[in-house]
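Reader: I am new to this structure. Please take one part of it and go through that part closely, step by step.

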Amino acid sequence: MNIDGIADLPDIPQAGAAASEVYTLALRSEYVDIQRCVRDLGISEAEAAAAIEDLVRLRLLHLVPGCTYAYVAVSPMSASLQLLAVQDEALRRRQNELERLRQQMHSLLPLYRANFAGEPQHPHVQRVEDPRAARGILTTITVEAEREILLSLPTQDPWEELADLDGGAWPGYAGTRSDLLRVLLPEARFDVRVREQAEALLRAGGQVRTAVSPPAWLLVVDAEVAVVPVGEGQGLSLVREESVVAALWRTLSGAWDEARPFDGTYDHDSARSTSALIDEAILRLLLNGLEDKVIARRLDISLRTCQRRIADLMDALGARTRLQAGYVLGQRVRTGERRAA
């Protein structure tokens with residue numbers, strides 16, 4: 001019996017179904033046949049015949065030796081062994097073949113690294129817009145990582161874009177060493193979803209830190225290759241130009257050094273500290289003339305929350321307009337600089 005044959009098998013008998021009643025009768029009787037089922041169960045000959053046929057196909061009934069019409073019950077364990085023994089062996093062979101192929105392909109990695117990476121035609125910047133190709137490239141470069149995988153996820157739902165790229169396998173992707181992974185998240189340690197993902201990564205041996213305003217979505221592997229998303233998060237650009245990768249790595253590594261380790265704890269003092277950091281960032285971005293929606297996106301907060309905080313800050317500054325608030329902030333900054341001098 002092949003896999004398709006298993007898929008075509010009837011449903012396992014459920015309580016109340018004719019097949020279940022026939023199987024119960026067979027367990028309690030020396031044998032069953034169509035006439036006994038009709039007499040004892042009160043079902044029609046057609047129903048009895050269909051139920052017996054289903055049970056025979058499931059190996060739960062088999063013919064009495066030397067008889068062509070009477071059936072005896074078979075243990076479900078014995079029936080399952082009969083149905084699945086051939087498939088179990090086929091699956092084992094298939095798994096062995098897949099493992100052999102995997103090992104053979106991996107044995108070519110030294111040859112690939114020694115020759116392909118240094119080819120002059122290898123592009124410094126490779127743009128890949130096809131989602132499947134992007135996922136394949138992302139998988140390849142992370143699986144081949146040897147020293148570190150440094151990742152910044154500044155979005156409001158920071159795992160969503162990465163899930164778009166790799167099919168939702170992170171963190172703990174089977175081919176990636178989690179102990180190499182360092183993830184920089186927005187200051188959202190009080191968001192349940194973010195906490196669950198971060199804690200899963202920590203359990204797998206990775207590291208997580210949070211920042212009020214992390215760099216843009218950026219992945220740098222072994223300080224040799226960088227990845228940035230393109231389009232609507234479905235594709236990516238792969239950067240191998242040495243000086244560009246070095247600059248991106250310094251940016252991301254510096255942000256990591258300044259970020260706070262995610263320790264999985266929650267307390268009100270931390271919440272108040274985080275709130276103060278966000279307000280400070282809002283003031284700084286306001287001073288730079290950014291719009292509300294841009295500030296909200298940068299700080300991973302909703303637009304409504306951002307606008308409420310801005311209104312509160314303007315009240316605290318005694319400003320009635322954004323222009324006046326900017327002027328007051330500018331004056332305070334200049335006063336602070338003169339005092340520092």
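**The sheet and its surroundings**

Author: In this predicted model, the charged end of arginine 36 sits over the ring of tyrosine 31, at 4.5 Å from the ring centre. The count of aromatic pairs, by contrast, is zero. That is a side note; the part to look at closely is the sheet.

The sheet is open and has eight strands, in the order 3-9-8-7-4-5-6-10, with mixed pairing. Its edges are strand 3 (125-128) and strand 10 (260-261); each has a single partner strand, so one side of each has no neighbour in the sheet. At the strand 10 edge, the pairing is with strand 6 (residues 207-211): the two run antiparallel and are joined by two bridges. Threonine 210 stands opposite arginine 260, which belongs to strand 10.

Next come the helices against the sheet. Helix 7 (residues 131-143) packs on it and touches strand 3, strand 4 (149-152), strand 7 (218-221), strand 8 (225-230) and strand 9 (235-239). The direction of helix 7 makes about 40 degrees with that of strand 9. Helix 10 (residues 242-258) lies across strand 4, strand 5 (181-186), strand 6, strand 7, strand 8, strand 9 and strand 10. Relative to strand 4, helix 10 runs at about 75 degrees.

In soluble globular proteins, nonpolar side chains tend to be buried together. Here the largest nonpolar core has 24 residues, and the members that touch the most others in it are Leu219 and Leu236. Two or more residues come from each of helix 7, strand 4, strand 5, helix 9 (192-203), strand 7, strand 8 and strand 9. Helix 7 contributes the most, four residues. Leaving aside residues up to four places away in sequence, leucine 219 touches Leu138, Ile141, Thr142, Ile149, Leu150, Leu151, Val225, Ala226 and Val227.

One last residue leads back to strand 6. Glycine 206 is in the loop between helix 9 and strand 6. Its relative accessibility is 8%, and buried means under 20%, so glycine 206 counts as buried. Which residues does glycine 206 touch, not counting residues up to four places away in sequence? They are Ser178, Asp179, Leu181 and Leu201. Glycine 206 also lies 6.4 Å from leucine 180, C-alpha to C-alpha, although 26 residues separate the two in sequence.

Terms used:
Residues are numbered from 1 along each chain as its sequence is written. This is a predicted model: local features need pLDDT of at least 70, side-chain atom pairs count only at pLDDT 80 or more; totals for chains, interfaces and linings use all residues. Side-chain values use heavy atoms; hydrogens and water are left out. Rings of Phe, Tyr and Trp (its six-membered ring) pair if their centres lie within 6.5 Å; planes under 30 degrees apart count as stacked, over 60 as edge-to-face and the rest as tilted. A charge sits over a ring if NZ of Lys or CZ of Arg is within 6 Å of the ring centre and within 35 degrees of the ring normal. Two strands pair if DSSP finds at least two bridges between them. Contact means heavy atoms within 4.5 Å. Axes are lines fitted to C-alpha atoms, for helices over the stretch in contact, and angles run from 0 to 180 degrees between N-to-C directions. A nonpolar core is a set of buried Ala, Val, Leu, Ile, Met, Phe, Trp, Tyr and Cys residues joined through side-chain atoms within 4.5 Å. Buried means under 20% relative accessible area, exposed over 50%, partly exposed in between (1.4 Å probe, protein chains only).
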